Amino acid sequence: MKQVNYAKESKDSVKTKSPLKIILDYIFNSFTIAEMEVRKLRHDPTELLTRAVQPVLWLLIFGQAFSRIRAIPTGNVNYQTFMAPGILAQSMMFISIFYGLSIIWDKDQGILQKLIAMPVPRAAFVTGKAFGAGIRAISQVIIILFLSYLLGLNIKWSLLNIIMSIFTIILGAAFFSSLSMALAAIVKSRERFMGIGQVITMPLFFASNAIYPIQIMPHWLQIIAKINPLSYVVELLRGYLINGSISGTGFDWLILILATVVIQVISAVLYPHIVT
């Protein structure tokens, strides 16, 4: 009888939580999950460096080659400078879009079942892991900006612009990692997930403004680019790092935030189904 009364009292205490208390608990639980994700980097920090190889090759080889032939109109901006924010966004997306693999791995190892049994809201799991992906992506900001400095690219090196670029990368990583977790909950298999990941990453990259302006695309591709979240990430990064302007970015932020909230809700609903 006492146990039943205790359970009833526990439910009543949850119901009587104030909205502020619920929000604070959600934030605290999310950061706890994010901290667990960051701790994984201590066991394999080389992952961050290996992830940087591809964007470095894009910026060094592809960027320098197309800067010489001047095939893509970028106005008064050198093409290598123009594409640097796009390559940074690409690197962030590639890190985040395969984040669902870790979820499937945790499921196969029996770790995920134990985590889901914890008294933590499902949405906090998704948000915490999304923040963890954002922190991983920050390493790419450091590497790409350092390479840009060595190459002498015309980047606006103000502290505010770099901080805003980091926030942009974190939000972009939150969106793509949440999308990745939703896909992982659907496919539930590493092999299938790898196939789907390969299928969607390159189209998302090439159907964006990462390596060429939207204006030179065919009309049908312009429509796709304008609904592609990666385009808004690139637009913000290009504004902060090249144009040095932080005005008129409200619409881009609004689109990214709304897209992230929607995909987080979807991921939170699908998240428990990965173990079924």
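Tutor: Let's start with a word you will need: a residue counts as buried under 20% relative accessible area, as exposed over 50%, and as partly exposed in between. Keep in mind that this is a predicted model.

Student: Why is Ala123 called partly exposed?

Tutor: Its relative accessible area is 28%. Because the range between 20% and 50% is the partly exposed one, Ala123 belongs there. You can find Ala123 in helix α8, residues 122-151.

Student: Which residues does Ala123 contact, leaving aside its neighbours within four places in sequence?

Tutor: Ala123 is in contact with Tyr26 and Ala268. Tyr26 is 97 residues away from Ala123 along the chain, and their C-alpha atoms are separated by 8.1 Å.

Student: What makes Ala268 buried?

Tutor: Ala268 has a relative accessible area of 14%. The cut-off is under 20%, so the word buried applies. Ala268 has its place in helix α13, residues 250-270. Setting aside neighbours within four places in sequence, its contacts are Arg122, Ala123 and Val126. Ala268 also lies 8.1 Å from Ala182, C-alpha to C-alpha, with the two positions 86 residues apart in sequence.

Student: And Thr260, how do you know whether it is buried or exposed?

Tutor: Try the same test. Thr260 has 7% relative accessibility, so it counts as buried. Thr260 lies in helix α13 and touches Leu171, Ala174 and Phe175, not counting residues up to four places away in sequence.

Student: Now to the helices. Why are α9 and α13 called roughly parallel?

Tutor: The axes of α9 (residues 159-187) and α13 cross at roughly 30 degrees and come within 9 Å. Angles under 35 degrees count as roughly parallel, and α9 and α13 therefore earn that description. Their crossing is left-handed. Residues of α9 that make the contact include Phe167, Leu171, Phe175 and Ala182, while those of α13 include Trp253, Ile257, Thr260 and Ile263.

Student: What makes α5 and α12 oblique?

Tutor: Helix α5 (residues 79-97) and helix α12 (residues 229-243) pack at about 135 degrees, with axes 9 Å apart. That angle is outside each of the other ranges, since roughly antiparallel begins over 145 degrees and roughly perpendicular runs from 65 to 115. So α5 and α12 are oblique to each other. The crossing of α5 and α12 is right-handed. Among the residues that meet are Phe82, Leu88 and Met92 in α5, and Val233, Leu237 and Arg238 in α12.

Student: How do you know that the charged end of Arg238 sits over the ring of Phe82?

Tutor: The charged end of Arg238 is 3.7 Å from the centre of the Phe82 ring. The distance limit is 6 Å, and the charge must also be within 35 degrees of the ring normal. Arg238 counts as sitting over the ring of Phe82.

Student: How many aromatic pairs are there?

Tutor: Ring centres must lie within 6.5 Å for a pair. By this rule the count is nine aromatic pairs. One of them joins Trp58 and Phe206, with 6.4 Å centre to centre and 55 degrees between the planes.

Student: Why is the pair of Trp58 and Phe206 called tilted?

Tutor: Stacked needs under 30 degrees and edge-to-face needs over 60, so what remains is tilted. At 55 degrees, the pair of Trp58 and Phe206 is tilted. Trp58 is in helix α4 (residues 53-69) and Phe206 in helix α10 (residues 190-206), so the pair ties together parts 148 residues apart in sequence. Trp58 counts as buried at 15% relative accessibility, whereas Phe206, at 33%, is partly exposed.

Student: What makes the pair of Phe175 and Phe176 edge-to-face?

Tutor: Their planes are 85 degrees apart, and the ring centres are 5.0 Å from each other. Edge-to-face begins over 60 degrees, so the label follows. Both Phe175 and Phe176 are buried.

Student: Which residues do ring pairs link into a cluster?

Tutor: Trp58, Phe62, Phe205 and Phe206 form the cluster.

Student: And what is the secondary structure of the protein chain?

Tutor: The chain has 13 helices and zero strands. Of its 276 residues, 47% count as buried. Among contacts between residues at least 6 apart in sequence, 79% join residues at least 24 apart.

Notes: Residues numbered from 1 in each chain as written. Predicted model: local features only at pLDDT ≥ 70, side-chain atom pairs only at ≥ 80, totals over all residues. Heavy atoms only, no water. Phe/Tyr/Trp six-rings, centres within 6.5 Å; stacked < 30°, edge-to-face > 60°. Helix = DSSP H or I, 4+ residues; strand = E, 2+ residues; numbered from the N terminus. Buried < 20%, exposed > 50% of the residue type's maximum accessible area, 1.4 Å probe, protein only. Contact = heavy atoms within 4.5 Å. Axes fitted to C-alpha atoms, helices over the stretch in contact; angles between N-to-C directions. Left-handed = near helix turned anticlockwise from the far one by under 90°.
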